[in-house]
Amino acid sequence: MVRDDEHESHRFTIAIDGPAAAGKSTVGELVAQRLHAVYFDSGILYRALTLAALARGIDPDDERSLAELASHLDVLIRRPSVDDGRQSDIVLDGKDVTWDLRSAAVDRLVSSVSALPAVRAALLEPQRRIGLSGAVVMVGRDIGTVVLPEADLKVFMVASVKERARRRYEQLRGTAKEQKLAAIEADLLLRDQVDSTRDISPLRAADDAVTLDTDPLDIDEVVERIVALARERLSAEIAS
């Protein structure tokens with residue numbers, strides 16, 4: 001079961017996709033704040049499932065057991081209760097796992113787990129339910145192509161692997177999850193390979209997505225461009 005304790009009166013959906021560490025989470029949250037929308041990172045579900053599987057000793061290749069676990073996953077996403085840089089509290093089976101979801105062990109396995117067809121099928125409906133529940137900005141890797149192909153605005157964020165590695169390094173620096181820059185870059189290259197070549201829902205831009213190269217842009221500039229696109233297309237739905 002996936003729950004979200006936010007609600008909105010206006011209805012629209014913005015899908016933001018892109019490779020790992022492209023800045024989707026940071027940008028998505030800020031865009032949601034600007035548009036008075038709910039922010040939801042679909043990757044949280046796959047990370048929570050991977051963490052739950054690790055805790056239960058489930059083999060990352062055991063598709064049937066992982067899909068069964070996914071169908072009963074109890075994840076709560078709520079506003080942050082601790083001022084430690086988190087975007088939200090993530091509670092799995094009653095325990096705060098916000099930073100555990102960013103562990104190196106989860107990083108190594110999450111792409112493999114999320115590539116399993118039965119797992120993706122089990123988590124599709126909960127994502128659609130959240131995405132269509134009101135004013136929502138959802139980020140992931142297949143939101144515009146599979147989860148919410150009817151999204152009002154689709155943005156595909158891209159950036160070089162070196163720039164993405166630098167951003168992830170800065171994000172984790174000084175935290176318990178800090179990693180070396182070279183290790184992060186190697187991990188991203190591997191995840192790009194897995195995400196873009198999997199048989200089910202490979203990472204790609206939707207045909208009608210706006211592709212945004214963020215290498216030369218700072219976060220504020222990326223947010224401003226997406227908000228401008230949203231206001232242009234969704235002026236009637238966006239709260240003033």
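In this predicted model, strands β8 and β9 lie side by side: the two pair in the parallel sense over 4 bridges. Strand β9 covers residues 210-213, and within this pairing L212 of β9 is the bridge partner of M157. Strand β8 also has a neighbour in β2, residues 12-17, to which 4 bridges join it, and these two strands likewise run parallel. Here I16 stands opposite V155 of β8.

With partners in both β2 and β9, how well covered is strand β8? Of the 6 residues in this strand, which spans 153-158, 5 are buried. V155, a member of β8, gives a good example to look up in the structure. Its relative accessibility is 2%, and a residue counts as buried when that value is under 20%, so V155 belongs in the buried class. V155 can also be compared with E221: the two are 66 residues apart in sequence, while their C-alpha atoms are 14 Å apart in space.

Attention now turns to helix α8. This helix has 17 residues, which at 1.5 Å a residue should span 24 Å; the C-alpha atoms at its ends are 25 Å apart, so the expected and computed values agree. The buried residues of α8 are I184, L188, R191, D192 and D195. Looking down the helix axis, these buried residues fall within an arc of 110°, and they therefore line one face of α8. On the face turned away from this buried side sit the exposed residues A182 and L190.

Helix α8 also takes part in the lining of the largest pocket. This pocket has a volume of about 620 Å³. It is lined by 37 residues, and those closest to its centre are A21, G23, K24, S25 and R168. The idea behind such a search is simple: a probe the size of a water molecule is rolled over the atoms to show where empty space is left.

Which elements supply at least two residues each to this lining? They are the helices α1 (24-34), α2 (43-56), α4 (104-114), α7 (161-172), α8 (181-197) and α9 (219-233), together with strand β7 (135-140). The largest share, 5 residues, comes from α7. Sorted by class, the lining of the largest pocket holds 15 charged, 12 nonpolar and 10 polar residues.

How values were computed
Residues are numbered from 1 along each chain as its sequence is written. This is a predicted model: local features need pLDDT of at least 70, side-chain atom pairs count only at pLDDT 80 or more; totals for chains, interfaces and linings use all residues. Side-chain values use heavy atoms; hydrogens and water are left out. On a 1 Å grid over the protein atoms alone, a cavity is a set of points where a 1.4 Å probe fits but cannot get out, and a pocket is an open set with protein on both sides within 12 Å along at least five of seven lines; lining residues have an atom within 4 Å of a point. Grid points are joined across faces, edges and corners, and a volume is the space filled by probe spheres set on the points. Ala, Val, Leu, Ile, Met, Phe, Trp, Tyr, Cys and Pro count as nonpolar, Asp, Glu, Lys and Arg as charged, and the others, Gly among them, as polar. Buried means under 20% relative accessible area, exposed over 50%, partly exposed in between (1.4 Å probe, protein chains only). Two strands pair if DSSP finds at least two bridges between them. The expected span of a helix is 1.5 Å times one less than its number of residues. The arc is that of the directions from the helix axis to the C-beta atoms.
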